[in-house]
Amino acid sequence: GNKIIVNNKALPQIDETKLWLFHKPSGSITSNKDPQGRTTIFDILPSDMPRVVTVGRLDYNSEGILLLTNDGKLARHLELPQTGWIRRYRVRAYGKIDEQKLQHLKNGATIDQIRYAKAEIEIEKKQGGNSWLNIALTEGKNREIRKMLAYAGLEVNRLIRTSYGPFQLGSLPKGQVKQVLQKTLKEQTGF
């Protein structure tokens, strides 16, 4: 690339921190290798992508927005609960909702000795035995939504993360990746 010369000394080349939005399809795993040989997101990403790490993860059967970055420090920063970024999900789940337990979840519930933070949960519509829900969380514990909704009598059969902090899935097609503008990255993260 271009070398920057300061007082006749070339500055070391530092890879600029970059962030991408990726629409993770269901049926892919968020890791580099899978012992069971399942498709990983790295099998799907364009071959010309630089080496990236994921910001958090999405389960094998979950889909939607996943942030990717070439900077491990940025990834760790964005994963911190203190960063407080809201993750929004659209979820389809089967079963009869226990309204009282749903209320517990909204206020923060303890399930199997694990304390879950308050969640915004709104029932969007019901279709047959299924309900579509909109859920917002500030932390993403492992399989959190599935466990929370199981507690309220629902079995998740589709889970789509629609936003992560200020970044929206929007109309990004499945399996596609889009780089965040450097200006936006700086404004939103300070990196």
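**Notebook: helix 3, the cores and lysine 24**

I began at helix 3 and found its N-terminal end capped by aspartate 98, with a side-chain oxygen 3.1 Å from the backbone nitrogen of glutamine 100. Helices here are DSSP runs of H or I with at least four residues, strands are runs of E with at least two, and both are numbered from the N terminus. After helix 3 comes glycine 108, which has a positive phi near 100°.

I noted that this is a predicted model, where local features need pLDDT of at least 70, side-chain atom pairs count only at pLDDT 80 or more, and totals for chains, interfaces and linings use all residues. Residues are numbered from 1 along each chain as its sequence is written, and side-chain values use heavy atoms, without hydrogens and water.

Next I looked up the largest nonpolar core (buried Ala, Val, Leu, Ile, Met, Phe, Trp, Tyr and Cys joined through side-chain atoms within 4.5 Å; buried means under 20% relative accessible area, 1.4 Å probe, protein chains only). It has 21 residues, and those touching the most other members include Leu105 and Met148. Helix 3 (99-107) and helix 4 (144-151) are among the elements that each supply at least two residues of this core. A second, separate core has 17 residues, among them Trp132 and Leu172.

Last I checked lysine 24, which sits in strand 3 (residues 19-24). Lysine 24 is buried and has no salt bridge (side-chain nitrogen of Lys or Arg within 4 Å of a carboxyl oxygen of Asp or Glu). Glutamate 63, the nearest side chain of opposite charge, is 8.0 Å away. I found a polar atom of the lysine 24 side chain 3.2 Å from the backbone oxygen of tyrosine 60.

Terms used:
Buried means under 20% relative accessible area, exposed over 50%, partly exposed in between (1.4 Å probe, protein chains only). Lys and Arg count as positive and Asp and Glu as negative; His and the chain ends are not counted. A polar contact is a pair of N or O atoms within 3.5 Å; within protein, one must be able to donate a hydrogen and the other to accept it, and residues adjacent in sequence count only if both atoms are side-chain atoms.
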